[in-house]
Amino acid sequence: MPSNAYSMALAAQARRAYVEGLLNGLPDVVQAIDQSVRLLLSQVAEPSLVARRRMAVEEMTRLGNPWLNTLLDTLRKAAASGVMPASIAIEVPPGGRRLPFSLVDNAVIENEIVSSRLALAMMERASWEFNDLCSRINLLEANEELPANDLLRPHVIARTITSTWQACGFEPNVWRTLQTVIHDEFSNF
């Protein structure tokens, strides 16, 4: 079955190209987010919003590079198999605490909501491209559907972005302050 082996090799090559595109483009996306944050700080706003924006600039200055490096490392590790681990370890931020009777930690729920919103923003701009790529890969690999944690799925990339953001120690309010900027930059990318 040379055609089956060729199809699998072509699918693997497409996956590698997709991940390489992510890895090569992410530094520019993080830099664009950093520049957009600084631009926001220069705009006139109410004092509380200016304070949140100032904190966001400080956080991006302090944690932007560690976030980028963590994100790149996580994607490189997952690229070997093409599938993200079922759960990405999320550290509780300093001063955070877990409630004793919680079935699912609030941080996990919050991260899922934030990552779902990011995935929807990305899909809003590129749904046709994602669907086309997934359909072609499914055809080449003779699958009906991609695995739930496949790197080609937008929600997997979004969850990786938000989980690494949280694991690097960003304050949750910083994401909320920058959500529009982050959504715009990642969905344009």
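# Exercises on a helical chain

Glu110, with a relative accessible area of 34%, is partly exposed (buried means under 20% relative accessible area, exposed over 50%, and partly exposed in between, with a 1.4 Å probe and protein chains only). The model is predicted: local features need pLDDT of at least 70 and side-chain atom pairs count only at pLDDT 80 or more, whereas totals for chains, interfaces and linings use all residues. Residues are numbered from 1 along each chain as its sequence is written, and side-chain values use heavy atoms, with hydrogens and water left out.

## Exercise 1: the chain as a whole

Determine how many helices and strands the chain has, and what share of its residues counts as buried.

Step 1. The chain holds 5 helices and 0 strands, where helices (H or I, at least four residues) and strands (E, at least two) are DSSP runs numbered from the N terminus. Along the sequence this reads α-α-α-α-α.

Step 2. Of the 189 residues, 42% count as buried, and the accessible surface of the chain is about 11000 Å², with 56% of that belonging to carbon and sulfur atoms (Shrake-Rupley method with a 1.4 Å probe; for residues, only the protein chains shown count as cover).

Step 3. Among the contacts in the chain with a separation of 6 or more, 74% join residues 24 or more positions apart, a contact being heavy atoms within 4.5 Å.

## Exercise 2: the nonpolar core

Find which residues of the largest nonpolar core touch the most other members.

Step 1. A nonpolar core is a set of buried Ala, Val, Leu, Ile, Met, Phe, Trp, Tyr and Cys residues joined through side-chain atoms within 4.5 Å.

Step 2. The largest such core has 46 residues, and those touching the most other members are Ile33, Trp67, Trp165, Leu178 and Phe186.

Step 3. At least two residues of this core come from each of α1 (2-42), α2 (47-79), α3 (106-141), α4 (154-167) and α5 (172-188), and the largest share, 11 residues, is that of α1.

Step 4. For Leu178, once its neighbours within four places in sequence are left aside, the contacts are Val37, Leu40, Ala56, Met60 and Trp165.

## Exercise 3: α5 against α3

At roughly what angle do the axes of α3 and α5 cross, and within what distance do they come?

Step 1. Two packed helices are described by the angle between their axes and the distance between the axes. The axes are lines fitted to C-alpha atoms, for helices over the stretch in contact, and angles run from 0 to 180 degrees between N-to-C directions.

Step 2. The axes of α3 and α5 cross at roughly 35° and come within 8 Å, and the crossing is right-handed (the near helix is turned clockwise from the far one by less than a right angle; anticlockwise would be left-handed).

Step 3. The contact includes Glu110, Arg117 and Leu118 of α3, and Ile182, His183 and Phe186 of α5. By class there are 7 nonpolar, 4 polar and 5 charged residues, where Ala, Val, Leu, Ile, Met, Phe, Trp, Tyr, Cys and Pro count as nonpolar, Asp, Glu, Lys and Arg as charged, and the others, Gly among them, as polar.

Step 4. His183 of helix α5 counts as buried because its relative accessibility is 10%, and, apart from neighbours within four places in sequence, His183 touches Arg117, Leu118 and Ala121.

Step 5. Glu110, in helix α3, has its C-alpha 9.3 Å from that of Pro172, although the two are 62 residues apart in sequence.

## Exercise 4: α5 against α2 and α4

Establish how the residues in the contacts of α5 with α2 and with α4 divide by class.

Step 1. The axes of α2 and α5 come within 9 Å and cross at roughly 65°, in a right-handed crossing. This contact divides into 7 nonpolar, 2 polar and 3 charged residues.

Step 2. The axes of α4 and α5 come within 13 Å and cross at roughly 145°; this crossing is right-handed. Its contact is made by Ile161, Thr162 and Trp165 of α4 with Val174, Trp175, Leu178, Ile182 and Phe186 of α5, which divide into 7 nonpolar, 1 polar and no charged.

## Exercise 5: two single residues

Decide whether Ala142 and Pro154 are buried or exposed.

Step 1. Ala142, in the loop between α3 and α4, counts as exposed because its relative accessibility is 65%. Most residues other than glycine have a negative phi, whereas phi of Ala142 is positive, near 55°.

Step 2. Pro154, in helix α4, is at 10% relative accessibility and therefore counts as buried. Beyond its neighbours within four places in sequence, Pro154 is in contact with Ala119, Met122, Met123 and Phe130.
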